[in-house]
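Visitor: Please take me through one part of this protein in close detail. Pick a single helix and tell me how it sits in the chain.

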Amino acid sequence: MNKLATFLLGFLLVASFAQAQEEAAESKDNGLTEQEAADGSVKKGCDSRGYCWGENVEEAKSKYTFFSDNMKAKNYGKETIDAFNYLYTNTPYIHKNLYIYGLKLYKGLVSTESKKKDAADKALLTSYEDRVLELYDNRGRYFGQADKWESEKAKYVYKYHKDRPDFNDKLPEYYAFYNKVAKRDLDKTDDANMSSYVAIVAKLHVAYKKAVQGFSKDPETKKQKSAILTANSVIANEGGQYTDAQIKEYTAKKAAAEKKLEELEASFETNDPEFKKYKSYNEDWLMDEYDFISEISEKSLERAEKEKDERDIKSWTRIQTMADKYIMGMLNIDCDFINEKLGPKFKAAPEDLGVAKKIFGYSIRKKCTDGPLFLDAALVVYNNDPQAAMANVIAGQYIKRDDVDKAIEWKNKAIELYAEDPSKQAETSIDIAKLYSKKGLKAQARSQAFKAVEYDANIAPEAYTFVGDLYMTSFKQCFDSSEDNVHEKACYLAAYDMYNKAGNSAKAAQARKQFPTKTDVFTLAAKGYKEGASIDVGCWIGGKTTIRLRP
């Protein structure tokens with residue numbers, strides 16, 4: 001390659017490098033890109049730090065600098081609001097910080113205006129509140145996690161809207177909103193949102209009662225409802241006093257009354273918009289809501305207690321109290337309600353889990369567990385979701401019915417379901433041991449007590465004391481007719497061994513008082529009896545023990 005060619009090649013390389021540098025500089029200056037927002041819209045003028053300045057980059061930067069500086073200085077004056085409004089209107093996707101600052105700004109404005117109380121500008125206050133709620137929506141819209149920000153927004157919806165003139169008219173809308181949030185968040189539902197939900201549910205049912213007054217008090221409605229109640233009573237035929245023909249007759253009467261009632265309801269719905277609007281928020285709806293709220297409250301309270309979160313324990317306890325007072329209170333649920341209102345439904349559909357859960361839950365809360373429906377309802381609930389605690393409840397019902405075999409069967413199911421909790425297995429095993437003892441099956445009772453110790457050694461004192469008690473109470477069964485004054489005391493000697501094993505000195509002392517006397521042992525020395533000698537216990541107890549003397 002000659003010198004000229006070398007020169008030209010070098011020149012071209014330098015020129016190319018210079019052009020690349022120039023292009024890079026241009027790219028650096030104009031390297032703003034477009035990005036996709038969470039909702040799929042386009043964010044313009046985005047830099048490498050994640051800020052998207054829109055089409056008027058310099059103006060947006062200037063406004064944002066002014067706005068953020070003022071927010072840091074806690075200056076919430078008109079200039080700050082104007083700067084925010086410019087940015088929010090022209091570049092709502094500028095950065096998540098716009099929403100962090102914006103929420104701080106508008107919550108501050110809400111607070112300031114609210115403190116004026118009667119002198120507050122209501123329209124201005126409403127606009128501030130609406131802006132707060134809107135900011136939560138748009139943060140989710142542009143920056144994602146829409147569900148999270150909707151749940152955060154829910155903390156303010158009820159608070160901001162509950163005193164507005166149209167609040168009661170919009171109750172179904174608020175209910176739909178909070179129901180959506182609660183069903184999504186379930187036991188992660190914020191306690192403030194659940195508190196609002198309980199209040200809205202209660203208010204909706206009050207609105208229902210008011211709306212259906214005309215329908216409920218209509219003479220024809222009363223007549224048809226009365227006919228249905230009478231028919232239900234005959235169809236149930238609890239006392240067996242009705243014939244098949246009578247039951248058939250009243251079944252037809254019931255169907256006719258129900259049809260007439262539907263026609264009446266349709267007529268009211270056509271002529272009364274309030275009735276149509278609120279009629280679905282009836283007692284059945286309220287019961288479902290109570291169950292839903294209680295389920296979330298119970299799980300949240302359980303979590304709070306596990307985490308020893310005193311603030312949440314207090315809050316969720318208050319929410320459940322609200323539900324009991326305002327919802328359960330409106331339902332007037334008692335043992336009669338369970339038997340008379342839910343009983344016919346359960347009998348008509350004995351596998352209906354929803355009705356079974358209501359009967360079970362209400363019976364527990366209202367102390368109606370001796371009711372005729374409780375056990376059957378518990379069995380349906382268990383069959384749909386076998387839980388150890390439920391198995392224990394069912395076992396308890398069989399104990400009340402003195403059906404020990406069934407109780408043992410259900411206690412054993414509980415033990416299987418407590419597979420991850422040895423302490424519960426041990427406790428339940430002791431329960432079974434006591435049931436065997438109740439049946440007079442002392443050997444099985446002892447085996448079950450020893451099994452409890454295998455599950456959890458911490459239960460040993462209780463288990464061995466229980467076995468000691470079995471021995472102590474075996475004199476009449478085993479030795480009452482004995483003529484051997486030493487051997488007949490063997491059950492007490494064995495009981496003493498077991499109480500010592502349990503570390504139960506008080507009961508061991510009681511057993512010692514029943515030991516053979518020195519005279520007893522001396523008199524029967526020919527049988528090889530002497531203090532410290534071994535002796536077969538015999539009877540169901542079996543094994544050997546050591547001869548000791550009564551103190």
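Guide: Here is a close look at helix 7, with the chain as background.

This is a predicted model, where local features need pLDDT of at least 70, side-chain atom pairs count only at pLDDT 80 or more, and totals for chains, interfaces and linings use all residues. Residues are numbered from 1 along each chain as its sequence is written, and side-chain values use heavy atoms, with hydrogens and water left out.

The chain has 26 helices and 4 strands. Helices (H or I, at least four residues) and strands (E, at least two) are DSSP runs, numbered from the N terminus.

Helix 7 covers residues 171-185, 15 residues in total. From first C-alpha to last, helix 7 reaches 21 Å, close to the 21 Å expected at 1.5 Å a residue. That expected span is 1.5 Å times one less than the number of residues.

Now the burial. Buried means under 20% relative accessible area, with a 1.4 Å probe and protein chains only. In helix 7, the buried residues are Leu171, Pro172, Tyr174, Tyr175, Phe177, Tyr178, Asn179, Val181, Ala182 and Asp185. Their cover includes helix 6 (146-161) and helix 8 (191-211). Helix 12 (273-278) and helix 13 (283-307) are also among the covering elements. Across the chain, buried residues make up 42% of the 551 residues.

Next, the exit. Just after helix 7, leucine 186 takes a positive phi of about 45°.

Last, the setting. The C-alpha atoms of the chain fill a box of roughly 130 × 95 × 60 Å, taken along the principal axes.

Definitions and conventions
Buried < 20%, exposed > 50% of the residue type's maximum accessible area, 1.4 Å probe, protein only. Contact = heavy atoms within 4.5 Å.
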